[in-house]
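Open the model in your viewer and keep the selection tool at hand. The stops below go from one strand group to a sheet and then to the two ligands.

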Amino acid sequence: MANTILVGAQWGDKGKGKIIDVLTEEADVVVRTQGGNNAGHTVHIEGKKYILHLVPSGILRPKKVCVIGNGVVVDPVSLVEEMQGLQKLGIKFNDNLFLSETAHLVFPYHRELDAQRESLKGKNKIGTTKRGIGPAYGDKAARTGLRVIDLIQADRFRKQLEFKIRENNEILKAFGAKPLSFKEVHESYRRAGDYLKPFVANTVILLHEAVRRGDDVLFEGAQGTFLDIDHGTYPFVTSSNTTAGGACTGSGIPPHRMDRVVGVMKAYTTRVGEGPLPTENDEIADMLHAMGREFGATTGRPRRCGWFDSVATRHACMVNGIDELAVTNLDGLDSVETIKVCIGYRDASKKYDYVPNDLEAFSRCKPVYAEFPGWRTPTDRARQWKDLPAKARAYLKAIAELTGAKLSIASVGPGREQTIFP
Ligand code: GDP
Ligand code: IMO
Ligand code: MG
């Protein structure tokens, strides 16, 4: 399979979890390289549903090695809860999960600051997951963060945490928020540290050894291109590089060891949180929500929905170097009579065939649509390309062509078997 980077081509929640699970069959190692437990990756296997936040989705296949890389921000208490939840579902952790020593930690003051900043912004809020991701990456960039390697060294951790709680309680007081108890945070983090210690490793060396052996490594992207801190709809973004480059910096594996980039997108578009979404459409949102679909895997919020945006996706293909596209949730369009696809934007008399950087201009943009006839037949039982209705095949081919990448996977349901390789 070669070393593969998998990224979300749009705003997150595109079915990366499912596609990772499918691709993991051929991989030896699966690595998360950025983001934190803001991610929610859903995988359905034989009637069981798993939602992964920090643990790579590869853990669901026995004998695969999973790595939480240096670029991830880790809330250790929440990671332990996630691991224990997975164990209850029968997943085993024995020499198959490694946590980077140099991954930064998320603390309760990060979560509290995330919530306070959001509430201060009022209607201009980002709509974050309130998992403390922005403030944790903020500490990392300011060189004031604590890392996994600190957590597992009891004396050093105590001193560092004392200082951090004192510093952050001053900030929380200024917001009018309740200060944190050092004792409580320390106890819960030390407990998590003891639990996680056997999993902690120098993951850069571990990954290089795997690459040298010829293992196939799969880089599990979180979020999506337009949530990237550099390439997204700033400030309505997350705080990490969600694009392909993040896989290198977040793992220590250099660019020339990467063999391919797979972009995952839905057959339509969704977004949770605030920020522009030019193709947003109430009718398609109501239809999908009525089907019980498109509720956030992390926060349960209803996702905003719209038509497929080929301009945004083409941009995503460019900045990620996407060679192959995986299009999920084709079945979500099964009952639509006429399907629209955005092929350009218009802001008053100005036309765009690219995503404008000026957020105000992008927010004013109205989509220019091409229309495709719907197939109006269920596709969820299709297992091969030829099983799909001709109109569905034509739609998939057209959106791939518009974005300039090769269609390599089409998904017609959440299950492993509902995957078609055209
Ligand atoms: P991720 O964050 O990109 O991993 O995506 P999420 O797991 O947050 O959201 C994608 C949702 O779509 C999940 O509930 C998946 O089980 C589901 N899903 C993935 N592919 C398909 C598909 O082809 N059809 C249907 N019906 N659901 C899918
Ligand atoms: P997965 O990996 C969709 C969004 C939030 C908000 C913005 C910033 O499941 O695709 P943050 O908490 O990161 O500071 O929030 O980013 N967001 C996601 N949207 N899927 C995700 O992850 C997301 N992670 C963050 O809704 O708009
Ligand atoms: Mg998700």
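Select strand β16 (residues 338–347) and strand β18 (residues 366–373). The two run antiparallel and are joined by 8 bridges. Helices (H or I, at least four residues) and strands (E, at least two) are DSSP runs, numbered from the N terminus, and two strands pair if DSSP finds at least two bridges between them. To find one end of this pairing in the viewer, pick Thr338, whose bridge partner in β18 is Pro373.

This is a predicted model, in which local features need pLDDT of at least 70, side-chain atom pairs count only at pLDDT 80 or more, and totals for chains, interfaces and linings use all residues. Residues are numbered from 1 along each chain as its sequence is written, chains are lettered from A and ligands numbered from 1 in the order in which they are written, and side-chain values use heavy atoms, with hydrogens and water left out.

Stay on β16 and add strand β17 (residues 350–352), which is antiparallel to β16 and shares 3 bridges with it. Tyr345 stands opposite Tyr352 of β17. The hairpin of these strands has 2 residues between them, and Ala348 takes a positive phi near 50°. Next add strand β14 (residues 308–309), which runs parallel to β16 and is joined to it by 2 bridges. Phe308 has Val341 of β16 as its bridge partner.

Now move to the open sheet of 10 strands. With mixed pairing, its order is β9-β7-β5-β2-β10-β1-β11-β15-β19-β20. Which strands stand at the edges? They are β9 (200–201) and β20 (419–420); each has a single partner strand, so one side of each is left without a neighbour in the sheet. Within the sheet, select β2 (residues 29–32) and β10 (residues 217–220), a parallel pair with 4 bridges. Here Val31 stands opposite Phe219 of β10.

Select ligand 2 next. The space that ligand 2 takes is the largest pocket (on a 1 Å grid over the protein atoms alone, an open set of points where a 1.4 Å probe fits, with protein on both sides within 12 Å along at least five of seven lines). There are 20 residues around ligand 2, and those that come nearest are Lys16, His41, Thr129, Gln223 and Thr238 (a residue is near if one of its heavy atoms lies within 4 Å). By class, this shell has 7 nonpolar, 10 polar and 3 charged residues, where Asp, Glu, Lys and Arg count as charged, Ala, Val, Leu, Ile, Met, Phe, Trp, Tyr, Cys and Pro as nonpolar, and the others, Gly among them, as polar.

Display distances from the oxygen atoms of ligand 2. One is 2.9 Å from a polar backbone atom of Gly40. Side-chain N or O atoms are found at 2.7 Å in His41 and at 2.6 Å in Thr238. Taken alone, ligand 2 exposes 540 Å², of which the protein buries 98% (Shrake-Rupley method, 1.4 Å probe).

Finish with ligand 1, which sits in the second largest pocket (more than half of its atoms lie within 2 Å of the grid points). Elements giving two or more residues to its shell are α1 (16–24) and β3 (41–45). Of the 20 residues around ligand 1, Lys16, Thr42, Asn329, Asp331 and Ser411 come nearest. The shell of ligand 1 has 3 nonpolar, 10 polar and 7 charged residues. A polar side-chain atom of Ser411 lies 2.5 Å from an oxygen atom of ligand 1. The protein covers 91% of the 590 Å² of accessible area that ligand 1 has on its own.

Technical notes:
Polar contact = N/O pair within 3.5 Å; in protein donor to acceptor, adjacent residues only side chain to side chain. 1 Å grid on protein atoms, 1.4 Å probe; cavity = no way out; pocket = protein on both sides within 12 Å on 5 of 7 lines; lining within 4 Å.
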